[in-house]
Amino acid sequence: MRGQTRAKLPMTSLIDVIFLLLLFFMLTSTFSRFGEIPVTVGGTGTSLAADHTAPIFVRISENGPSINGVDTPASDLKQAVLQLSDTAPRLLVTATSDASAQALAETLHALRAVSGAEIVVLE
């Protein structure tokens, strides 16, 4: 037993295999792209354009969005806004404390489909 020596493992091939696996997973992975939603935040010192178009209030709560106090399904937001305004609408969006961030993002995404809309998110 004394005369037996332990065979050493060649580390070079192990490092090559690890590198190839890393390269394989990097090249085959898909990276999701996140959509960007441009947002104007209302606050002190912010003024809206001086035209006579009345703003449309969009409130997001746990039960879903509402436009000017009328509950509106998320799928009908664009049509409801277009019925209320002939010109480019001014939308004031606010979320209650029980509304989720996902609901806010989905509502902003739906409102972004309204052409020429000025969307302002209130605190």
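**View 1. Pairing of strand β5 with its partners β6 and β2.** In this predicted model, Val93 stands opposite Val121 in β6, and the two strands β5 and β6 pair in the parallel sense over four bridges. Strand β5 also pairs with β2, again in the parallel sense, over five bridges; within that pairing, Thr94 of β5 is the bridge partner of Arg59.

**View 2. The β-α-β unit that contains helix α3.** Strand β5, helix α3 and strand β6 together make a β-α-β unit, and this unit is right-handed. Helix α3 spans residues 101–111, while β5 covers 90–95 and β6 covers 118–121.

**View 3. The buried and exposed faces of helix α3.** The buried residues of α3 are Thr107, Leu108, Ala110 and Leu111. Because they cover an arc of only 160° around the axis, these residues lie on the same side of α3. The exposed residues Ala101 and His109 are carried by the face of α3 that is turned away from its buried side. The cover over the buried residues of α3 includes the strands β2 (56–61), β3 (64–67), β5 (90–95) and β6 (118–121), as well as the helix α2 (77–84).

**View 4. Ala113, in the loop that follows helix α3.** Ala113 lies in the loop between α3 and β6, where a relative accessible area of 42% makes Ala113 partly exposed, because that class lies between the limits of 20% for buried and 50% for exposed. Although Ala113 and Lys78 are 35 residues apart in sequence, their C-alpha atoms are 6.8 Å apart in space.

How values were computed. Residues are numbered from 1 along each chain as its sequence is written. This is a predicted model: local features need pLDDT of at least 70, side-chain atom pairs count only at pLDDT 80 or more; totals for chains, interfaces and linings use all residues. Side-chain values use heavy atoms; hydrogens and water are left out. Buried means under 20% relative accessible area, exposed over 50%, partly exposed in between (1.4 Å probe, protein chains only). The arc is that of the directions from the helix axis to the C-beta atoms. Contact means heavy atoms within 4.5 Å. Two strands pair if DSSP finds at least two bridges between them. A crossover is right-handed if, with the strands pointing away from the viewer, the path from the first strand over the helix to the second runs clockwise.
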